[in-house]
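Hello,

Here is the structure I said I would pass on. My notes on the sheet and the core follow below it.

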Amino acid sequence: MSRLLQLPRAGGSLYSYTPGQSAPIELPKGPLKSRIAFSAAHVVCDPFADADPLNHAQIDWEATLAYRRHLWSLGLSVAEAMDTAQRGMGLDWYRAKELISRSIAEAQAVQGRIACGAGTDHLAPGPQVTLEQVEQAYEEQVAFVEGLGGQVILMASRALAACAKGPEDYERVYGRILSQVSKPVILHWLGDMFDPALAGYWGERDLDAAMEVCLKVIRSHADKVDGIKISLLDDEKEIRMRRLLPPHVKMYTGDDFNYPTLIRGDEQGYSHALLGIFDAIAPAAAAAIHALDSGDEARYNALLEPTVALSRHIFQKPTYAYKTGIVFMAYLNGHQNHFRMIGGAEGARSVVHLSELFVLADKAGLLVNPDLAAERMRNVLTLAGI
């Protein structure tokens, strides 16, 4: 079948496009050495489950775990049950527990690195919620992850954001949890562009003031903090905070707009990575860091720079809808045989958006099999009436 497609533009016009303009990136193998690179991984829903897809969608466990094995095979680490897996936006704590349990077992079987999100999402936010309840919710989830031998990513809490009166409440809650963990955790500061319910996190609306609160928590419990992931889409803020961290505390970039320069670093340091976009650009991400391992900065730049336009497109406003683009990439590349998502989130982006995503992915060399990708893009276009 021909690869030639008729893709839509905003306004209703069509244009011809044939994928295969860039050679697919060769899949790297082996461990990464110079940077730790977590990919926040998506989940694959079961399209044949006889359940309400909005509230009780089921997970295709084999396809979900197979994708994690793919990430590990490239040398990437897996950040499990995070917002990329639709945590709190389709994936509740009950199903997250099974996901975490299965993924940790899979990681142990293949010797892959994994860290798992522990938060308070089984506690409904509201003004009636107390700090004690937030602490208990955190304690329950942290105990579950650590009980399975997993490293904790301490997720931002909607419940804490809703009930905290100021910075001192954040210091109290984080202080209690960090004092109890058995091994160092990764903190997660997620900006409100990813989750509007987290506006004013750390008790401050001003980001510089919020950063000072966060740094105070880290410095007070530095032996219990492996690192912090910040997702603010502000590279200057990340660099400033990176330079203020205690020496052994790592910065894990969560900046899906500026990751190439942040990971490459400068004369004063660099960021490791914990990124949702690495799910979609895994071959390029792994190959680029392998290049950095060997000191080939030119190849690092050549591999990652073409992915930035794709990432900025996937993460365009509303930013929280980026998960649709992540799963669409997995569908195009044959990692799942359908384009369905839990909560019906496949409908969160327009066919014009998905068409542009297709073109940007092709130009970045991220369509592994252009013939398959063209066939699947054609299916989506047909469903849209094109």
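**Strand 3 and its surroundings**

Phe-38 has Leu-274 of strand 10 as its bridge partner. The model is a predicted one, and the notes should be read with that in mind. Strand 10 covers residues 272–275 and pairs with strand 3 (residues 37–40) in the parallel sense, over three bridges.

Strand 3 also runs parallel to strand 4 (residues 77–80), to which three bridges join it. In strand 4, the residue opposite Phe-38 is Ser-77. The connection between these two strands involves helix 1 (residues 61–73): strand 3, helix 1 and strand 4 form a β-α-β unit, and this unit is right-handed.

In a regular strand, side chains alternate between the two faces of the sheet. For strand 3, both faces are covered. Ala-37 and Ser-39 are buried on one side, and Phe-38 and Ala-40 are buried on the other.

Phe-278 links this strand to the core. Its contacts beyond four places in sequence include Ala-37, Phe-38 and Ser-39. Leu-71, Leu-76, Tyr-259 and Ile-263 are also among the residues Phe-278 touches, as are Ala-285 and Ile-289.

The largest nonpolar core has 127 residues, and Phe-278 is one of the three that touch the most other members, along with Trp-189 and Tyr-201. Helix 10 (residues 282–293) supplies the largest share of this core, nine residues. There is also a second, separate core of 11 residues, with Ile-36, Met-82, Ala-115 and Ile-153 among them.

Regards

Technical notes. Residues numbered from 1 in each chain as written. Predicted model: local features only at pLDDT ≥ 70, side-chain atom pairs only at ≥ 80, totals over all residues. Heavy atoms only, no water. Core = buried A, V, L, I, M, F, W, Y, C linked by side-chain atoms within 4.5 Å. Buried < 20%, exposed > 50% of the residue type's maximum accessible area, 1.4 Å probe, protein only. Helix = DSSP H or I, 4+ residues; strand = E, 2+ residues; numbered from the N terminus. Contact = heavy atoms within 4.5 Å. Pairing = 2+ DSSP bridges. Right-handed = clockwise from strand over helix to strand, strands pointing away.
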